[in-house]
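Take a moment to look over the structure below. This report walks through some of its parts, one at a time.

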Amino acid sequence: MSVQTRPRRVSVTQIQARKGGDKLVCLTAYTASVARHLDQEVDLLLVGDSLAMTVYGFDSTLPVTLDMMIAHGAAVVRVTEHALVTVDLPFGSYQASPEQAFHAAARVLAETGCAAVKLEGGEEMAETVAFLARRGVPVMGHVGLTPQAVNALGGYRSRGHAEGERDKIMRDGVAIAEAGAFSLVIEGTAESLARELTQAVRVPTIGIGGSPACDGQLLVVDDMLGLFAEFTPKFVKRYRELGEEIRMAARDYAADVRHGRFPAAEHTYPAPRRPKPAAAE
Ligand code: KIV
């Protein structure tokens with residue numbers, strides 16, 4: 001009998017154990033073609049609802065549906081084998097009640113094969129996080145700048161600079177961690193707030209515009225590759241300019257087609273050789 005030795009994915013408990021240890025490396029991924037390239041380089045891939053903006057061209061994350069998240073989550077899980085895959089619960093799929101959240105999370109886990117879900121919100125979502133965690137759903141929390149609340153927050157500005165807001169975000173993060181989240185994304189906050197929150201909670205924090213003191217870092221892959229050019233938040237570092245690469249490749253292709261240089265002989269199928277007709281007697 002042969003023993004199958006499939007490489008094991010990073011698990012939720014391994015992520016939890018990294019609190020205060022080696023930094024967690026996280027990126028978003030939405031498609032099979034990109035996820036394949038990221039998988040071995042990172043600890044965690046987030047199928048974020050930011051795909052509403054990066055993949056679908058919406059101007060907020062609000063229009064994305066549970067079915068869309070499931071389709072992208074399944075594609076990312078299908079082609080990866082190393083990173084822990086977490087899928088965002090989209091706006092409207094979990095805020096109404098813990099039961100609604102459980103139904104959405106159960107669909108995501110069952111239909112994508114991912115290991116965890118992420119949801120946005122603070123104290124008001126703590127009961128839901130506890131409800132899910134008690135039922136075997138690993139939950140990543142998300143506090144600070146929470147894009148699903150863009151209408152209530154009045155835009156995508158960084159948060160936690162004024163004392164009242166700072167205290168509220170601290171309470172939010174602590175409530176979500178204590179409710180049983182296995183990790184906590186801190187997005188777009190004053191650096192000192194993300195640092196203090198990281199010290200205050202027992203679960204790893206993952207900063208995106210948070211603090212170098214967070215236990216890990218996350219970037220939206222289209223931002224760091226220079227693919228999403230609509231706006232670049234202060235916290236983004238662009239590691240490549242793939243948008244420009246794509247434009248140049250399209251320009252070269254167009255010139256080749258227009259000047260008859262593509263397709264060349266090596267790109268076409270030659271006609272099969274016909275057997276020689278037998279010589280007439
Ligand atoms: O959807 C997403 O990509 C996210 C990150 C920005 C945290 O939620």
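The buried residues of helix α4 are Leu66, Met68, Met69, Ile70, His72, Gly73, Ala74, Ala75, Val76 and Val77. The structure is a predicted model. Helix α4 covers residues 66-79. Ten of its 14 residues are buried, so α4 is largely enclosed by the rest of the structure. What encloses it? The cover over the buried residues of α4 includes three helices, α2 (32-38), α3 (51-54) and α5 (98-112), along with the strands β2 (44-47) and β3 (84-88).

**Three helices and their lengths**

A helix can be checked with a ruler. At 1.5 Å a residue, the 17 residues of α11 should span 24 Å, and its end C-alpha atoms are 24 Å apart, which agrees. The table sets α11 beside α4 and α8.

| Helix | Residues | Number of residues | Span, first to last C-alpha | Expected span |
|---|---|---|---|---|
| α4 | 66-79 | 14 residues | 20 Å | 20 Å |
| α8 | 163-179 | 17 residues | 24 Å | 24 Å |
| α11 | 242-258 | 17 residues | 24 Å | 24 Å |

**Helix α8 and its surroundings**

Now turn to α8. Its buried residues are Glu165, Arg166, Ile169, Met170, Asp172, Gly173, Ala175, Ile176, Ala177 and Ala179. Look at the spacing of those numbers. An α-helix has 3.6 residues a turn, so residues three or four places apart point the same way. Which elements do the buried residues of α8 pack against? They pack against the helices α6 (126-134) and α9 (191-200), and against the strands β5 (139-144) and β6 (183-187).

What follows α8? Gly180 does, and its phi is positive, near 120°. Gly260 follows α11, and its phi is also positive, near 70°. Most residues other than glycine have a negative phi, and most peptide bonds are trans. An exception to the second habit sits in the segment after α11, where Pro263 lies. The peptide bond from Phe262 to Pro263 is cis, with omega near 0°.

**Strand β5 and its partner**

β5 is one of the elements that α8 packs against. Is β5 enclosed or open? Six of its six residues are buried, so β5 is largely enclosed by the rest of the structure. It pairs with β4 (residues 116-118). The two strands run in the parallel sense, and two bridges join them. Across this pairing, Lys118 of the chain stands opposite Met140 in β5.

The loop between β4 and α6 holds Gly121. This glycine is buried, with a relative accessible area of 11%. Setting aside residues up to four places away in sequence, Gly121 touches His142, Val143, Thr146 and Ile176. Ile176 is one of the buried residues of α8. Another buried residue there is Ala175. How far apart are Gly121 and Ala175 in sequence and in space? They are 54 residues apart in sequence, yet 10.0 Å apart in space, C-alpha to C-alpha.

**The ligand**

The ligand is surrounded by 13 residues. The closest are Gly48, Asp49, Ser50, Asp88 and Lys118. Lys118 has already appeared, opposite Met140. Here a polar atom of the Lys118 side chain lies 2.8 Å from a ligand oxygen. Asp49 also takes part: a polar side-chain atom lies 2.9 Å from an oxygen atom of the ligand. For Ser50, an N or O atom in the side chain is 2.5 Å from a ligand oxygen. How much of the ligand does the protein bury? Taken alone, the ligand exposes 260 Å², and the protein buries 96% of that.

**Thr28, a neighbour of Ser50**

Ser50 also meets Thr28. Apart from neighbours within four places in sequence, Thr28 is in contact with Leu38, Leu46, Ser50, Leu218, Leu219, Val220 and Val221. Thr28 is in strand β1 (residues 24-28). Is Thr28 buried or exposed? It is buried, with a relative accessible area of 2%. Its side chain reaches the backbone nitrogen of Val221 at 2.9 Å.

**The whole chain**

Step back to the full picture. The chain has eleven helices and eight strands. Its C-alpha trace spans about 100 × 55 × 35 Å along the principal axes. Of the 281 residues, 48% are buried. The accessible surface comes to about 15200 Å², and carbon and sulfur atoms hold 54% of it. Among contacts with a separation of 6 or more, 58% join residues 24 or more positions apart.

Notes. Residues are numbered from 1 along each chain as its sequence is written. This is a predicted model: local features need pLDDT of at least 70, side-chain atom pairs count only at pLDDT 80 or more; totals for chains, interfaces and linings use all residues. Side-chain values use heavy atoms; hydrogens and water are left out. Helices (H or I, at least four residues) and strands (E, at least two) are DSSP runs, numbered from the N terminus. The expected span of a helix is 1.5 Å times one less than its number of residues. Buried means under 20% relative accessible area, exposed over 50%, partly exposed in between (1.4 Å probe, protein chains only). Contact means heavy atoms within 4.5 Å. A residue is near a molecule or strand if one of its heavy atoms lies within 4 Å of it. A polar contact is a pair of N or O atoms within 3.5 Å; within protein, one must be able to donate a hydrogen and the other to accept it, and residues adjacent in sequence count only if both atoms are side-chain atoms. Accessible areas come from the Shrake-Rupley method with a 1.4 Å probe; for residues, only the protein chains shown count as cover. Two strands pair if DSSP finds at least two bridges between them.
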